[in-house]
Amino acid sequence: MPYVNIQITREGATTAQKAELIRRTTTMLEEVLNKNPATTFVVIQEIDTDDWGVGGETVTVRRARDAQA
């Protein structure tokens with residue numbers, strides 16, 4: 001009974017894109033590990049960019065700096 005937690009920043013992933021992540025992750029586990037799709041759980045968590053840090057700063061700050069460059 002696999003459980004996969006996908007965490008992404010909240011930056012506009014569409015419902016269709018998230019459905020595709022769930023579908024492909026489930027298919028991969030079935031193909032690679034022979035796991036039953038009916039008992040495979042995939043959870044997507046969207047994290048605010050203010051709550052995700054990289055290199056000592058938030059993603060919000062990094063995105064703003066990159067936009068100015």
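Reading along the sequence, this chain runs through the pattern β-α-β-β-β-α. That comes to 2 helices and 4 strands. It's worth keeping in mind that the model is a predicted one.

What about overall shape? The C-alpha trace spans about 45 × 25 × 15 Å along its principal axes. The radius of gyration of the chain is 16 Å, whereas a compact globule of 69 residues would come in near 11 Å. Buried residues account for just 14% of the 69 residues. As for the outside, the accessible surface adds up to about 5100 Å², and carbon and sulfur atoms hold 53% of that.

Contacts tell another part of the story. Of those with a separation of 6 or more, 63% link residues 24 or more positions apart. On the charge side, the chain carries 8 positive and 10 negative charges, and the mean positions of these two groups sit 3 Å apart.

One residue gets a closer look here: Pro-2, which carries the annotation "active site" in an unreviewed UniProt entry. Pro-2 sits in the segment ahead of strand E1 (3-9). Is this residue, Pro-2, buried or exposed? Pro-2 counts as buried because its relative accessible area is 14%, and the cut-off for buried is under 20%. Beyond its neighbours within four places in sequence, Pro-2 makes contact with Leu-29, Lys-35, Thr-39, Thr-40 and Phe-41.

Terms used
Residues numbered from 1 in each chain as written. Predicted model: local features only at pLDDT ≥ 70, side-chain atom pairs only at ≥ 80, totals over all residues. Heavy atoms only, no water. Rg over C-alpha atoms; globule rule 2.2 N^0.38 Å. Buried < 20%, exposed > 50% of the residue type's maximum accessible area, 1.4 Å probe, protein only. Contact = heavy atoms within 4.5 Å. Areas by Shrake-Rupley, 256 points an atom, 1.4 Å probe, with all protein chains shown as cover. Lys, Arg positive; Asp, Glu negative; His and termini not counted. Charge placed at Lys NZ, Arg CZ, Asp CG, Glu CD. UniProt positions renumbered as here; feature names shortened; annotations may be inferred.
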